[in-house]
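Here's a quick walk through the fold, starting from one strand pairing and working outwards. Have the viewer open as you read.

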Amino acid sequence: MKHSQLKEIIKKKASKIEFAIVTNLENGLSEIYEPGKSLSKEFEIHKEQIDNFFKLKKNGVIENTEIFIETYIRPIKVIIVGAVHIAQYLVDFAKSLNFEISIIDPRGYFASEQRFPDMKIINKWPDEAFKEIETNGNCALIALTHDPKIDDPALQHALNKKFYYIGALGSKKTHENRCQRLKEAGFNSDQINSINGPIGIKLGGRSAPEIALSIIAQLVSETYKK
Amino acid sequence: MKNSFDEKILEEANDWLNANQKVVLATVIQTWGSSPRQVGSRMIVNETGDFSGSVSGGCVESAVVRECIGLIKDNKPCKKIEFKVSNESAWEVGLACGGEIAVYLEQIN
């Protein structure tokens, strides 16, 4: 592989687009393929199989050939509401995982670039912020403010868009009250029960990094149940 | 759903190249049986044998490092190697878990 190609791959990874690296294991030739775009003569005849690897989200050698495909799929979007202390640890843990993180917090003094360097921060109320993020069932929401004014609209958006993971910080009592409010807002019990509250797996820890770890563990576990 | 870990090995390879080191990229391309690391797992090796990442969780890394150094010395662009189940004898390179893996080595230049 050429150094220039390696740089191109790193750039594509950073811009979170879907692509594959296609390599001929016999002669060492390789190229980057983006779904829907064309391939060079060398690999053109394998296009159908390469697209199939994308559909199956897998890596491997095409049967009876010496062509290796490595697919890079778009990372899962994780939206954190509340640029609080726990969020700082969450972002740290998530760095080595393939998640695309956005942080929403209308309180500018919390969601500052200094506290979250290199992160996508939206200093708006959730209703406004979600206009800037395309969301669907492949998204996850982590609500951390335990302030109904901020968390509730985000939770409602996530329920309406059928996020595969929704978690909300707060005690059992806080969560009961939250569920009651969502019921009054017209959400049914299946929808409300899909919210992980109190958020995180039971690790026992109470400190910010421990809570962040319990949340990220639950998020990864739910991601693999999909 | 696939949500692969992002181990930043390629980014590290880029750093090594920018520091004028020679770099071989080793990638797991096929696995059979119970192998410890999935297809697409990577490690990088430089001309002095420094390495980062892993292709087997520790079982065959030493052999991969040797092969990579050989590739640089012979100035070959690429090579495919396979590792099978290890036998009981100590120090023999192989996969204690009973799996088999194929690893593709390529020089980046």
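## Starting from one bridge

V81(A) has I104(A), in β6(A), as its bridge partner. That pair belongs to a parallel match between β5(A) and β6(A), which runs over six bridges. Keep in mind that the model is a predicted one.

Zoom out and those two strands turn out to sit in an open, parallel sheet of six strands in chain A, ordered β7-β6-β5-β8-β9-β10. At the edges stand β7 and β10 (195-196) of chain A, each with a single partner strand, so each has one side left without a neighbour in the sheet. Then there's α4(A), which lies across β5, β6 and β8 of chain A and runs at about 165° to β6(A).

## The other sheet

Chain A has an antiparallel sheet as well: four strands, open, in the order β2-β1-β4-β3. Here β2 (30-33) and β3 of chain A take the edge positions, and because each has a single partner strand, one side of each is without a neighbour in the sheet.

Within this sheet, β1 (residues 19-24) of chain A runs antiparallel to β2(A), and four bridges join the two. For a concrete example, look at A20(A), whose bridge partner in β2(A) is Y33(A). The helix α1(A) packs on this sheet, where it touches β1, β2 and β4 of chain A, and its direction makes about 20° with that of β2(A).

## Chain A as a whole

How many helices and strands does the secondary structure of chain A come to? The tally is nine helices and 10 strands. The domain assignment cuts chain A into domain 1 (3-72) and domain 2 (76-225), and the C-alpha centres of these two domains of chain A are 34 Å apart.

Along the principal axes, the C-alpha atoms of chain A fill a box of roughly 65 × 40 × 35 Å. Chain A has 226 residues, and 34% of them count as buried. If you look at contacts in chain A with a separation of 6 or more, 54% are between residues 24 or more positions apart.

## What's packed inside

The largest nonpolar core holds 43 residues, and I80(A), L90(A), L141(A) and I142(A) are those with the most contacts inside it. Several elements of chain A supply at least two residues each to this core, among them the strands β5 (76-81), β6 (99-104) and β8 (139-143), and the helices α4 (85-94), α6 (148-160) and α9 (208-225). There's also a second, separate core of 39 residues, which includes L10(B), C59(B), C78(B) and V103(B).

Which residues is L141(A) in contact with, leaving aside its neighbours within four places in sequence? They are I79(A), V81(A), A154(A), A158(A), F163(A) and I166(A). So V81(A), the residue we started from, turns up again in that list.

## Where the chains meet

Chain A and chain B bring 23 residues each to their contact. On the side of chain A that touches chain B, the elements giving two or more residues are α1 (3-14), β3 (60-61), β4 (67-72) and α9 of chain A. The largest share of that side, five residues, comes from α1(A).

As for chemistry, the residues on the side of chain A that touches chain B split into 11 nonpolar, seven polar and five charged.

Notes
Residues are numbered from 1 along each chain as its sequence is written. Chains are lettered from A and ligands numbered from 1 in the order in which they are written. This is a predicted model: local features need pLDDT of at least 70, side-chain atom pairs count only at pLDDT 80 or more; totals for chains, interfaces and linings use all residues. A residue is buried if 20 or more other C-beta atoms lie within 10 Å of its own, exposed if 12 or fewer, and partly exposed in between; C-beta atoms are placed from the backbone. Two residues are in contact if their C-beta atoms, placed from the backbone, lie within 7 Å. Domain bounds come from an automatic or database domain assignment. A nonpolar core is a set of buried Ala, Val, Leu, Ile, Met, Phe, Trp, Tyr and Cys residues joined through C-beta atoms within 7 Å. Ala, Val, Leu, Ile, Met, Phe, Trp, Tyr, Cys and Pro count as nonpolar, Asp, Glu, Lys and Arg as charged, and the others, Gly among them, as polar. Two strands pair if DSSP finds at least two bridges between them. Axes are lines fitted to C-alpha atoms, for helices over the stretch in contact, and angles run from 0 to 180 degrees between N-to-C directions.
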